[in-house]
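Here's a quick tour of a protein chain for anyone just getting started. Have a look at the picture, then we'll go from one residue out to the whole chain.

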Amino acid sequence: MAEKNNNEEPQMEDLLGEKDQKLQVPSKLPVLLLRDISVFPYMIAPLYVGREKSKAAVDAALSSHRMILLLTQRDMELEDPKREDVYDMGTVALIMRMLKLPDGRIRILAQGLVRARVETFEEEQGHMAAQVQVIHEAESEEKSVETEALVRNVRTSLEKAASLGKNLPPEVLIIAANIEEPGRLADLTAANLELKVAEAQVLLEVVDPLQRLKRVFEHLTRELELLDVQSRISTEAKGEMDKMQKQYFLRQQMKAIQKELGEGNEILEEIKSYQDKLKKLKLAPEVREELEKQIGRLSQMHPESAETAVVRNYLDWMFDLPWNKSTVDNLDLRKAKSILDEDHYGLEKVKDRILEYLAVRSISRKLKGPILCFVGPPGVGKTSLGKSIARSLGRKFHRISLGGVRDEAEIRGHRRTYVGAMPGRIIQGLRRAGSNNPVFMMDEVDKIGADFRGDPSSALLEVLDPEQNRDFRDHYLGVPFDLSRVMFITTANLLDPIQPAFRDRMEILPLPGYIEEEKLQIAMRHLVPKQLRENALSRKRIEFTRGAIQRIISLYTREAGVRNLEREIAAVCRKVARKVAEGKKGLTRITSQNLEKLLGPTRIFRDQLLKDDRVGVVTGLAWTESGGEILFVEATKMKGKGGLSLTGSLGEVMKESAQAALSYARAHARELGIEVRRFAENDFHIHIPEGAIPKDGPSAGITMAAALISVCTERKVRRDTAMTGEITLRGNVLPVGGVKEKVLAAQRAGVSRVILPQANKKDLVDIPKALRRDIEFLFVENIRQVFEHALSPERKKDSKKTASKSGPRKRGA
């Protein structure tokens with residue numbers, strides 16, 4: 001069996017001869033079977049022969065005419081092929097050289113001469129022999145234009161293939177340039193193409209020269225496309241390799257320089273530091289896997305690349321978080337209560353809630369952190385109460401303000417794909433706190449905004465949900481962090497702007513405001529000592545009397561909290577500090593008598609309450625964002641046709657309440673002792689002072705009704721009585737909200753009697769006992785009861801008539 005020698009290039013000889021010369025080929029030739037090659041005419045191929053039958057065929061050819069038939073097997077694995085296992089068309093070749101090798105094989109150099117078709121195939125004298133029919137190509141006398149063009153294309157393609165890196169001997173291109181016969185050019189080209197055996201055999205069996213050249217040109221075109229792609233890939237790969245080699249060379253130089261300078265080990269030391277930290281942490285599998293992945297990435301990066309800085313920053317954040325760090329809670333209820341009482345006066349409900357949490361925490365270690373929401377006007381101590389809670393629990397405290405926050409990323413963090421990305425404010429706060437169970441206060445949650453960047457309050461739903469925040473996933477971290485041990489406290493001035501779903505996550509604890517006695521205690525215990533420290537004064541230099549503090553509270557401030565009170569105390573301290581700096585010696589005693597010299601004239605006038613009872617002027621109670629306020633409802637009548645005028649920036653609800661009060665008065669005129677014609681002959685005007693301030697709500701219903709009835713009946717209204725309640729057309733009095741704030745406002749104004757709806761009697765529980773002793777509460781179910789409590793029993797005109805009648809009798813006497 002013969003095999004092709006792939007390590008030796010074929011030697012080409014001058015194949016040009018006389019055109020009319022006919023090759024004399026015997027009709028019967030010995031056969032040499034080939035495994036993996038098809039030999040074309042005019043092709044010189046080195047072949048290795050190893051099988052005994054093949055050796056015998058070579059010996060038979062050399063002993064006679066040196067010609068042998070080269071046939072290719074259909075299956076190269078067969079050792080003893082039969083007739084059907086070989087192709088029908090082969091090539092008659094001339095054995096030019098023969099060499100015996102030490103391993104028993106022989107090597108021959110054979111040159112293809114002409115095609116031959118097998119007619120018989122048999123074994124004789126120890127080798128295979130075949131009866132053949134030589135195929136001579138027909139010679140055309142004249143070349144057509146198509147043939148000439150095809151020949152030129154093949155020549156050009158061969159040259160292009162050589163330029164693209166095809167391994168073609170120079171003599172092949174020279175011979176191809178001088179061959180005119182299309183058949184010979186086709187065989188020469190096919191012999192130098194890397195064709196599969198089946199493809200080469202198909203070309204060998206095409207007898208027509210022009211058709212064979214067309215097929216060869218198709219293969220050559222495909223080879224050119226492959227060479228073009230191969231060349232482009234090689235160029236790109238070479239460019240990339242050159243770049244990588246350059247970078248490698250520069251890195252090696254840099255390493256050598258750093259080694260000489262004693263530098264360059266920082267990144268390795270940093271990676272080792274990260275690995276040591278990771279071993280000490282007790283983490284969830286998902287978190288540990290992410291950290292190991294990022295440390296692995298860092299170890300493969302160049303120290304100066306931008307991506308390295310991103311990964312390093314991420315790892316720093318991850319290792320700085322308090323995954324396993326927590327503070328031990330102070331479970332001593334007495335100590336916690338003493339701390340709360342020390343820091344804040346009053347606020348019993350909030351203190352009880354914290355002590356209840358500690359009591360349950362001392363029994364069960366698995367209790368989740370509560371989520372509290374302090375709602376109240378400014379200055380009532382919501383933020384300072386959070387600090388006090390943290391101190392009583394023995395926990396770290398962290399506060400963030402969410403007022404005006406509009407971007408959801410402020411809560412959930414930025415994704416690491418962004419430049420300058422960082423975690424949200426929740427994770428940042430935990431990092432600063434240094435523990436995973438701090439008291440985390442979020443101020444101004446009622447002032448969170450929303451726009452195209454997202455809704456932060458919706459993002460907080462996960463943070464403030466005890467069932468979900470165990471696996472809170474910040475966008476920057478990409479792994480869950482447990483927030484269930486954090487005690488979240490939020491603050492707000494109003495509940496209405498807070499989303500219902502957001503509000504549902506929190507336990508609402510209202511802080512409505514302080515009464516004057518509570519303000520006095522807060523000032524004496526906390527505010528005065530604080531301002532003395534801030535103004536570098538001692539008790540040997542300044543002393544506040546209770547009367548002075550009470551005068552500041554009642555005549556210089558009117559608020560639900562104590563913020564303005566602290567400012568006024570600070571103003572007094574600054575003036576005393578100035579005198580001390582100017583050389584004054586001794587103690588300065590602040591009393592109610594000398595207070596006006598320091599703070600100027602009083603700003604709040606207690607005579608806002610009327611000095612005497614009047615007709616048509618009623619004291620009402622209103623709820624505001626800063627607590628409660630008193631307001632006066634004034635009514636009068638004038639000649640007209642029964643119209644009703646409303647002034648004072650009243651809202652739609654208040655206007656409807658006034659109309660309902662007038663309708664009730666007209667419907668029940670006789671029962672109330674009012675002449676019906678008065679409504680037809682008079683116009684009525686209701687006005688509420690401070691007209692620049694918008695006012696609305698149903699709670700002024702009974703107040704406006706009392707003012708109207710007072711005007712119609714000319715009965716005076718008691719000046720020491722304030723009221724609030726909603727009125728219906730049937731005269732019923734309905735409950736209202738904000739009772740505590742309104743009662744506090746009445747107490748600040750010096751009101752001694754307050755009329756409330758019967759349904760609001762339950763709200764007295766929230767009012768301090770001292771306040772309940774100072775104010776008389778009158779509960780009503782219908783408007784008639786309001787008139788009985790608020791209006792004087794005698795009419796103004798009746799007193800005039802009595803006086804006129806008694807005069808003459810006295811004179812007559």
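Does Arg155 count as buried or exposed? This is a predicted model, and in it Arg155 has a relative accessibility of 17%. The cut-off for buried is under 20%, so Arg155 counts as buried.

Where does that residue sit? You'll find Arg155 in helix α2, which covers residues 145-163. Leaving out residues up to four places away in sequence, Arg155 touches Ala176, Ala177, Ile179 and Glu180.

Now zoom out. The chain has 27 helices and 28 strands. Its radius of gyration is 54 Å, while the globule rule gives 28 Å for 813 residues, so the chain is more spread out than a compact globule. Along its principal axes, the C-alpha trace spans about 185 × 75 × 55 Å.

What about burial and contacts across the chain? Of the 813 residues, 47% are buried. If you take the contacts with a separation of 6 or more, 75% of them are between residues 24 or more positions apart.

Here are a few whole-chain values side by side:

| Chain property | Value |
|---|---|
| Exposed area | about 42,000 Å² |
| Share of the exposed area from carbon and sulfur atoms | 49% |
| Distance between the mean positions of positive and negative charges | 17 Å |

The charges behind that last row are 133 positive and 119 negative ones.

Notes. Residues are numbered from 1 along each chain as its sequence is written. This is a predicted model: local features need pLDDT of at least 70, side-chain atom pairs count only at pLDDT 80 or more; totals for chains, interfaces and linings use all residues. Side-chain values use heavy atoms; hydrogens and water are left out. Helices (H or I, at least four residues) and strands (E, at least two) are DSSP runs, numbered from the N terminus. The radius of gyration is taken over C-alpha atoms; the globule rule is 2.2 Å times the number of residues to the power 0.38. Buried means under 20% relative accessible area, exposed over 50%, partly exposed in between (1.4 Å probe, protein chains only). Contact means heavy atoms within 4.5 Å. Accessible areas come from the Shrake-Rupley method with a 1.4 Å probe; for residues, only the protein chains shown count as cover. Lys and Arg count as positive and Asp and Glu as negative; His and the chain ends are not counted. The place of a charge is taken as NZ of Lys, CZ of Arg, CG of Asp or CD of Glu.
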